Amino acid sequence: MKKIFREFRFNKFRSAIIILTVTLAVAMLVGFVNSKYTFDESLAANQTKLNNAEIRIRLRTYIPRANVSALEQEPSIRQAGINDLEGRIFEPSNVWFEGALHSAYLIGVDLEDNAINTLHLQKGTKELSANQVLVEQHFGNKMLGAGAQLGDSLGILLGNQTINVTIGGFVADSDYYYIVEEQTGMPTMGKLAVIYFPLSRLQTLLGQGDQINEILVKTTERSADAARKATLALTTFLGNNIQTRIYWNSSPEKEMYNADAGAMDKMGVVFGIFGLIAGAIAIYNSLSKLVQAQRTHIGLYGALGAQQK
């Protein structure tokens, strides 16, 4: 053992490389494996902060907004574990920006009473003028998005007309981490514009009065069973008017997150194992060279009757 340590001491560079390789391998293995847990904790904290809805219910036809308030007072709704309901508008559309046509989601939100899926302001202001809107932050990304900036103009297609608006602020929405297009299930890399109007303004533009076509649902527990129970209770009142039920835990956004987090976990294991193998090979190579260098002495000591210990 003394000779081994002496060899490592005399070959400091090689020793440092071996130690660094093994250390990095172990660090990567531990770090990447724990990263999924860290990401999950961060996602859960963010959803709690923004009061993320467990369920989004899209309706076939618009209903009075007052019906949502009435639903909240129903005893069976409370018994189903529903904590809160919030009505808003959701309309797929298209938008012109700098000569390019982008797919868009138009969302009408009561900005003064935005309790569920709270929009977190990143830049600009929520105090919008008559022709201003909020835009989900990915659309402003210069590398992966469209590179939109505060004050830029958007031409939103509504039926046969184009509504010109300007960007008053960028926001983060807990439902749009990856901006996955619902029809294709693929991330759009910020090319899909999620545009938020004050609810009353979008109602006026669509000619809907004080009506909504989407209901956000908060349940007491964040689980698949709680979501199904809540949906069953709401179906009793809404019936065939329910077009789509989007559960956060099985939404395209969450599935994309699970895929990324799982990939990070697996990548850490693979890189960690390769690093450990590289470290083992380096150690074996060093010890083999040590034995080779001492072969003459080993043979001489053996001829003189030295015994292996």
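**Notes on helix H5 and strand S8**

1. First, how far to trust things. The mean pLDDT of the chain is 81, with 67% of its residues at 70 or more. Keep in mind that this is a predicted model. Confidence drops to its lowest in helix H1 (residues 2-10), where the mean is 55, and peaks in S5 at 96.

2. Now look at helix H5, which spans residues 199-206. Which of its residues are buried? They are Leu199, Leu202 and Gln203. These residues sit on the same side of H5, because the arc they cover around the axis is only 105°. If that spacing looks odd to you, remember that an α-helix has 3.6 residues a turn, so residues three or four places apart point the same way.

3. What do the buried residues of H5 pack against? Their partners are helix H3 (65-72) and four strands: S2 (82-97), S3 (100-109), S8 (193-198) and S9 (211-219).

4. Check the end of the helix too. Gly207 follows H5, and its phi is positive, near 70°.

5. Strand S8 deserves its own look. Of its 6 residues, 5 are buried, which leaves S8 mostly covered.

6. S8 also has strand partners. With S3, the pairing is parallel and runs over 6 bridges; Ala104 stands opposite Ala193 of S8. With strand S5 (residues 132-136), S8 runs antiparallel, and 2 bridges join them. Here, find Val135, which stands opposite Ile195 in S8.

7. To tie this up: S3 pairs with S8, and both strands are also among the elements that the buried residues of H5 pack against.

Methods: Residues are numbered from 1 along each chain as its sequence is written. This is a predicted model: local features need pLDDT of at least 70, side-chain atom pairs count only at pLDDT 80 or more; totals for chains, interfaces and linings use all residues. Side-chain values use heavy atoms; hydrogens and water are left out. Buried means under 20% relative accessible area, exposed over 50%, partly exposed in between (1.4 Å probe, protein chains only). The arc is that of the directions from the helix axis to the C-beta atoms. Contact means heavy atoms within 4.5 Å. Two strands pair if DSSP finds at least two bridges between them. pLDDT is the predictor's confidence in each residue, from 0 to 100.
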